[in-house]
Amino acid sequence: MLATAAFIMAVASLLAAAGRPAEPPAAARWLATPGTRVIVDDTGAVIATVSSTVVPLGGAVHGVPVPELATTLLTALAASGIDPETAVVERSFTVIPTGDGGVSAGLALTVADEQAVWEALSWDTQGGVLAYLPLREQLPANPARTRTWSGSGLTNGISPFRITGEVDRAEGDCATVTTRTEQEVPGGPPLVTGLRTRWCIGRGQLNAVDLDSGSTVSVGADIPAGPLPTPPTGGVSTSAPLPGVELGAVTALAGLTVGADRATGDLLAWTAAPDPVLRWWHHPGGVITALGAGDGLIVVGTSQRAVHAFDALGQLRWTTGQPDVAVGRITIAGGRVTVPLATGATVTLAASSGAAAPRPGVAPSGG
Amino acid sequence: MAAERGIRATLDSALVAPVRTGTFDLRRHSASAAGVAFAAAGLFALLLAAVVLATPLRSLGPLTGVDSGAGSGPIALPGALIPITLALIGCCLALVVTGALRGHLAIASGAVILAALVLAVILAAGGGTAPLSGPPLGGYAAVIGLVVIAALLRRWRGSVLRDLLAVLIPTLLALVLAERAFRAGATTSGVRVDVVAVAVVLTFLATLAIPVALNSGLAAVDVGVGLVIGVLTGLLTRTSRALTWLIGTASVVGMLWWNLREPWPGSRLLAVACGAVSLAAVALVWSLTRARSVADPAAVREATGRIGLPACYVLAAPVIIGGVLGMAGVVLAATATPGGRIVVPLRDFLLTGPGPALGRIAVIAGLLWIALRAGSRGRGGAGRHVAAAAGITAVIATAVALDTARWPWWSWSPAGTAVALLIAVLTWAAIRWHRGNPLSPATLIVVLGLTALLHQADALALPVALLLQGSATAVLVVGLAWGMLTDGGAAHRRTRLLSRDAALLLILGNLLFTATILMWASVGRQPLIASELQAATSLGVAIFGTSLVLHLCASLLSRPPS
């Protein structure tokens with residue numbers, strides 16, 4: 001009997017390891033719904049088009065799809081006393097207006113737990129690490145007028161910083177908060193930056209205003225209708241294409257190199273060397289299992305059984321689900337997208353909409 | 001009605017009889033062993049169902065994706081597949097060890113060492129950079145516990161169920177700890193190392209399933225042969241002469257069209273010529289073994305089945321040894337034990353160097369030895385059939401090996417051999433007719449049916465292939481199912497090396513293990529493992545299936561007129 005009980009416990013333990021879904025924490029409601037967002041400046045010009053993903057940590061930090069970010073996050077979580085078991089992380093492209101009227105930007109992690117929404121940046125415009133340790137508190141879980149908070153830590157574990165924040169306005173599903181960060185600079189006066197950001201439940205950060213310069217960026221604007229805007233020329237610059245990227249499949253479209261990061265599942269598009277500029281970035285979800293380019297489209301298949309098509313500007317054109325994951329090389333020609341699936345079957349989609357398209361007929365042989 | 005009765009009668013002898021005589025007879029085993037066998041058979045059926053239903057199973061929930069940069073490319077599989085596969089591997093190991101403990105000391109020792117090695121390599125893969133700390137260390141302790149328990153059970157043997165549980169507990173404990181180590185590694189690295197590690201380990205473990213996959217090729221053809229003989233014989237012995245001739249003519253035309261319409265690799269003329277040379281060698285072996293006087297399809301199928309599985313093991317021996325060395329290398333490297341560097345070149349020699357070719361040479365030499373031995377000793381029909389089966393298989397194995405070696409003057413293919421056989425059969429029919437002892441139309445049509453099977457030996461796996469969208473996997477599924485139904489004969493008799501219960505558990509463990517690997521490859525969409533198993537099955541079809549068909553054709557064509 002004892003042996004039988006032990007056997008049943010061992011099997012149950014193995015099967016229980018199959019996965020435990022985590023309840024999202026309270027502050028997670030402020031994160032954006034996963035999807036594609038356009039970031040524009042004061043004049044409405046597109047700065048970047050990005051997609052964000054929300055990953056429940058659920059007891060395993062390996063839910064974060066970027067090893068480097070996961071390591072940063074683990075360190076930051078440990079320093080901030082945040083329980084990863086009860087946190088949800090959003091990966092997104094953060095755009096921060098700078099004092100000179102420009103913008104700096106980087107890939108960011110936004111972590112939500114029961115107390116607040118926290119942020120850790122990973123890269124700045126020069127490819128340097130901008131990890132805030134401990135995490136910066138961006139927004140309380142329950143923002144209320146006159147609510148204030150403060151924190152301090154060491155940026156990258158070296159330079160001390162202090163951050164203070166207050167809720168300017170909290171009405172309905174949205175809140176506006178102001179944060180000021182004072183960063184010590186060796187041999188010089190401290191660098192003070194101020195940001196006013198607006199957040200809405202389920203939509204994430206909607207805009208950010210630099211308090212010194214007044215420059216503004218808006219996140220989540222509608223995808224411009226009509227003719228596609230010209231890709232910006234002075235966008236986000238980084239080393240080629242980003243530090244820590246493990247490139248898998250690579251293709252090219254309209255002068256851009258488009259590659260899949262094997263480890264993270266990111267899709268990156270950048271201009272050619274010697275001065276590569278990251279043009280756009282997406283995390284379609286899971287890892288990228290198939291890639292192809294043609295007819296002005298980049299088409300990717302993901303481990304989540306989805307096929308996404310982006311244009312040269314990085315705008316999502318369509319998404320479609322498939323019975324299984326796409327594998328290998330996707331071909332796009334003659335208005336048709338041919339996607340090989342892991343089942344061994346091949347599906348043909350219309351390049352314009354992603355709808356199922358009839359296979360091209362075999363031309364009758366002449367003679 | 002008469003035709004229907006005829007078909008039923010011949011199907012009974014061609015398909016039902018092999019199952020009746022070859023299936024596991026649980027009444028000959030202890031109640032405990034019978035219960036375990038029943039449970040294992042149920043698990044086996046579930047696994048084959050999972051293979052057939054892989055696509056809907058994958059669509060039940062989210063997939064876990066990881067791209068390790070390994071040759072297999074990105075992996076996307078259901079998260080639950082990893083613990084389920086590990087648990088199934090544990091069950092297979094426990095079955096094999098429990099069975100082997102009831103056999104000869106050498107078999108028992110080999111099985112325990114293999115099980116310990118498999119568990120150690122899984123633990124080593126989960127240990128990452130710290131294999132001798134935390135959960136992996138506890139897992140290694142469980143492996144040592146397994147070895148100790150096995151030694152105790154060898155001395156104080158109990159019921160099969162008690163012994164199985166005693167082996168299963170440390171085995172599953174080691175796997176649970178390995179799973180915990182995988183998860184800990186994933187947490188610290190940010191990468192799903194559990195998916196990558198299990199995928200790598202199963203690539204090595206899959207080599208252990210190669211013999212059963214090879215034999216599945218023969219089993220699938222055996223099912224096809226049974227159906228063709230059963231249906232055609234039953235139908236033709238009860239239809240009018242005119243209809244028989246009509247079917248015969250249609251068969252010949254259909255055969256020609258089928259064989260010539262598909263593209264062949266290389267020159268068609270060379271393929272047909274090489275097929276003819278192979279047939280001449282087969283005919284020579286056939287006449288030398290003097291099997292003509294005892295033509296009997298059932299005996300031919302049984303003889304080929306008897307030599308099939310041992311030959312499959314010899315053929316796969318270099319790959320199996322290479323896989324075991326690969327696992328040993330992983331364990332040695334992970335535990336920083338000296339000797340790891342010696343293992344790698346030896347492993348590569350066996351897996352990617354001349355190893356597979358050596359396996360083929362060994363199997364050809366072994367088959368020739370069996371043919372000579374059985375031919376010289378066997379005065380009865382069974383001995384002659386075994387000699388003929390071994391000799392014919394040696395000829396076809398040589399033909400396939402020469403083709404694999406890419407000799408410029410040699411190009412062997414089933415289609416080329418089928419065309420050569422068609423010409424030979426029609427020529428032989430004309431000679432027999434000219435001599436005044438013509439072949440019966442029924443015999444001729446059955447032989448033509450078998451010739452068609454030669455071209456597409458796995459055609460009868462087509463219904464399963466439609467479900468699986470891959471004919472090679474379908475052949476493997478059909479072959480495994482047929483093996484489960486007909487391979488039980490070895491467990492009916494006690495031998496010097498194995499008791500009946502031991503044979504039962506070893507056969508079940510082997511079949512269950514292959515089904516587990518196939519399930520992992522299908523549900524997890526592991527193209528490398530799937531293609532490896534499918535290549536083995538295709539090789540089994542090419543060598544053993546072709547030999548069986550040619551042997552049967554020779555047997556039927558040499559029948560005296562009835």
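**Exercise 1. Describe the three-stranded open sheet of chain A: its strand order, its edges and its twist.**

Solution. Start with the order: the open sheet of three strands runs β23-β24-β25 in chain A, with antiparallel pairing, where strands are DSSP runs of E of at least two residues and helices are runs of H or I of at least four, numbered from the N terminus, and where two strands pair if DSSP finds at least two bridges between them. Next come the edges, which are β23 (331–333) and β25 (346–350) of chain A, each pairing on one side only. The twist then averages 20 degrees from one strand to the next, with angles running from 0 to 180 degrees between the N-to-C directions of axes, which are lines fitted to C-alpha atoms, for helices over the stretch in contact. Finally, β24 (residues 336–340) and β25(A) pair in the antiparallel sense over five bridges, and A:Pro340 has A:Thr346 in β25(A) as its bridge partner.

This is a predicted model, in which local features need pLDDT of at least 70 and side-chain atom pairs count only at pLDDT 80 or more, while totals for chains, interfaces and linings use all residues. Residues are numbered from 1 along each chain as its sequence is written, and chains are lettered from A and ligands numbered from 1 in the order in which they are written.

**Exercise 2. Establish which strands stand at the edges of the five-stranded open sheet of chain A.**

Solution. First write down the order, β21-β20-β19-β18-β22 in chain A, and note that the pairing is mixed. The strands β21 (316–321) and β22 (328–329) of chain A each have a single partner strand, so one side of each is left without a neighbour in the sheet. As a check on one edge, β20 (residues 306–311) of chain A pairs with β21(A) in the antiparallel sense over five bridges, and A:His308 stands opposite A:Thr319 in β21(A).

**Exercise 3. Follow the strand pairings of β10(A) on to β11(A) and locate the positive phi in the turn.**

Solution. Begin with β9 (residues 174–183) and β10 (residues 191–200) of chain A, which run antiparallel and are joined by 10 bridges; within this pair, A:Arg180 stands opposite A:Gly194 in β10(A). Going on, six bridges join β10(A) to the antiparallel strand β11 (residues 204–210) of chain A, with A:Trp199 partnered by A:Gln205 in β11(A). The hairpin formed by β10(A) and β11(A) has three residues between its strands, and A:Gly202 in the turn takes a positive phi of about 80 degrees.

**Exercise 4. Characterise the packing of helices α11(B) and α16(B) by geometry and by residue class.**

Solution. Two packed helices are described by the angle between their axes and the distance between the axes. Here α11 (residues 268–289) and α16 (residues 414–435) of chain B pack at an angle of about 65 degrees, with their axes 7 Å apart. Among the residues making the contact are B:Ala271, B:Gly275 and B:Leu279 of α11(B) and B:Gly416, B:Ala420 and B:Ala424 of α16(B), contact meaning that C-beta atoms, placed from the backbone, lie within 7 Å. By class, the contact has 10 nonpolar, four polar and no charged residues, with Ala, Val, Leu, Ile, Met, Phe, Trp, Tyr, Cys and Pro counted as nonpolar, Asp, Glu, Lys and Arg as charged, and the others, Gly among them, as polar.

**Exercise 5. Decide whether B:Val300 and B:Cys91 are buried or exposed, and find their contacts.**

Solution. A residue is buried if 20 or more other C-beta atoms lie within 10 Å of its own, exposed if 12 or fewer, and partly exposed in between, with C-beta atoms placed from the backbone. B:Val300, found in helix α12 (residues 297–334) of chain B, has 25 C-beta neighbours inside 10 Å and therefore counts as buried. Not counting residues up to four places away in sequence, B:Val300 touches B:His385, B:His551, B:Leu552 and B:Ser555; B:Val300 and B:Leu552 are 252 residues apart in sequence, yet 6.5 Å apart in space, C-alpha to C-alpha. B:Cys91, placed in helix α4 (residues 81–100) of chain B, is buried, with 22 other C-beta atoms within 10 Å. Leaving aside its neighbours within four places in sequence, B:Cys91 is in contact with B:Leu168 and B:Leu512.

Note on methods:
Two residues are in contact if their C-beta atoms, placed from the backbone, lie within 7 Å.
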